[in-house]
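Hi everyone, thanks for making time this morning. Please have a look at the chain I'm putting up on the screen, and then I'll walk you through it.

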Amino acid sequence: MAITVTNQTQSLGADIIFDSAPSNTAVEDVTGGAGTWYTVVYKSGSSETHYLKLFDASDITAGTTEPNWVLQLKPSDTTVWTVPDGVTFSNGLSYFVSEEAGKSASTAPDGTNRLTIIVKRS
């Protein structure tokens, strides 16, 4: 997994979080604090349905911590979730992806997958 956060505040007024290999390992506090997420794009290279678990928390345990939001991701397709007014979080944005719904993190997503999240930090 390679995570990059690109500061685009001058041109977009937001930041782009890109994960080139999302997995069932927790990625904690990618925003470094509070903010708002607006768009999630997940490109799936798998024939299985995946689930993105998003947390308003700076410290999580994959499979134990209850997610604030769970997004279902289509297999072998690109899923785009856009919330025009955004979804605010106050503690930091953390996430992981697995093949199970809910908080479970037993099965890592297979295939070549890409995750992009557009956020505005507070």
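**Asn24 and its surroundings**

Let me begin with one polar contact: a polar atom of the Asn24 side chain lies 2.8 Å from the backbone oxygen of Ala105. Before going on, I should say that this is a predicted model, so please hear every value as computed from it.

Where does Asn24 lie? You'll find Asn24 in the loop that runs between strand S2, residues 14–19, and S3. Setting aside residues up to four places away in sequence, Asn24 touches Ala62, then Phe96, Val97 and Ser98, and also Ala105, Ser106, Thr107, Ala108 and Pro109.

That S2–S3 loop holds another residue to look at, Asp29. Asp29 is not a glycine, yet it has a positive phi of about 45°. With a relative accessible area of 24%, Asp29 is partly exposed, because that category covers the range between 20% and 50%.

Ser76 is a similar story in another place, the loop between S5 and S6. Ser76 is not a glycine either, and its phi is positive, at about 50°. Is Ser76 buried or exposed? At 53% relative accessibility, Ser76 counts as exposed.

**The chain as a whole**

Now let's step back. How many helices and strands does the protein chain have? There are zero helices and eight strands, so to speak a β-β-β-β-β-β-β-β run from the N terminus on.

As for dimensions, the C-alpha atoms fill a box of roughly 40 × 30 × 25 Å along the principal axes. The radius of gyration is 13 Å, which agrees with the value near 14 Å that a compact globule of 122 residues would have. Of those 122 residues, 40% count as buried. And if you take contacts between residues at least 6 apart in sequence, 74% of them join residues at least 24 apart.

**A three-stranded sheet**

Here's the part I'd like you to rotate into view. Three strands form an open sheet, in the order S5-S4-S7, with antiparallel pairing. Strand S5 (69–73) and strand S7 (93–98) stand at the edges with a single partner strand each, so one side of each has no neighbour in the sheet. From one strand to the next, the twist averages 20°.

Let's zoom in on one pair. Strand S4, residues 50–56, pairs with S7 over six bridges in the antiparallel sense. Along that pairing, Asp56 stands opposite Leu93, and Leu54 has Tyr95 as its bridge partner.

What about the two faces of S7? Leu93, Tyr95 and Val97 point one way, while Ser94, Phe96 and Ser98 point the other way, and all are buried. In general, side chains in a regular strand alternate between the two faces of the sheet. With six of its six residues buried, S7 is largely enclosed by the rest of the structure.

**Two nonpolar cores**

Several of those residues come up again in the next part. The largest nonpolar core has 18 residues, and the ones touching the most other members are Trp37, Leu52, Leu54, Leu93, Tyr95 and Ile117. Which strands each supply at least two residues of this core? They are S3 (35–43), S4, S5, S6 (78–89), S7 and S8 (114–121).

Take Ile117 as a guide. Leaving aside neighbours within four places in sequence, Ile117 is in contact with Asp15, Ile16 and Ile17, with Trp37, Thr39 and Val40, and with Leu54, Leu93 and Tyr95. Apart from this core lies another, of five residues, including Phe55, Ala57, Phe96 and Ala105. As general background, nonpolar side chains in soluble globular proteins tend to be buried together.

**One last stop: Val41**

To finish, here is a residue in strand S3, Val41. At 27% relative accessibility, Val41 counts as partly exposed. Not counting residues up to four places away in sequence, Val41 touches Thr78, Thr79 and Val80, as well as Arg114, Leu115 and Thr116. The C-alpha atoms of Val41 and Asn113 are separated by 11 Å, although the two residues are 72 apart along the chain.

That's my tour, and I'm happy to take your questions.

Notes:
Residues are numbered from 1 along each chain as its sequence is written. This is a predicted model: local features need pLDDT of at least 70, side-chain atom pairs count only at pLDDT 80 or more; totals for chains, interfaces and linings use all residues. Side-chain values use heavy atoms; hydrogens and water are left out. Two strands pair if DSSP finds at least two bridges between them. Helices (H or I, at least four residues) and strands (E, at least two) are DSSP runs, numbered from the N terminus. Axes are lines fitted to C-alpha atoms, for helices over the stretch in contact, and angles run from 0 to 180 degrees between N-to-C directions. A nonpolar core is a set of buried Ala, Val, Leu, Ile, Met, Phe, Trp, Tyr and Cys residues joined through side-chain atoms within 4.5 Å. Buried means under 20% relative accessible area, exposed over 50%, partly exposed in between (1.4 Å probe, protein chains only). Contact means heavy atoms within 4.5 Å. A polar contact is a pair of N or O atoms within 3.5 Å; within protein, one must be able to donate a hydrogen and the other to accept it, and residues adjacent in sequence count only if both atoms are side-chain atoms. The radius of gyration is taken over C-alpha atoms; the globule rule is 2.2 Å times the number of residues to the power 0.38.
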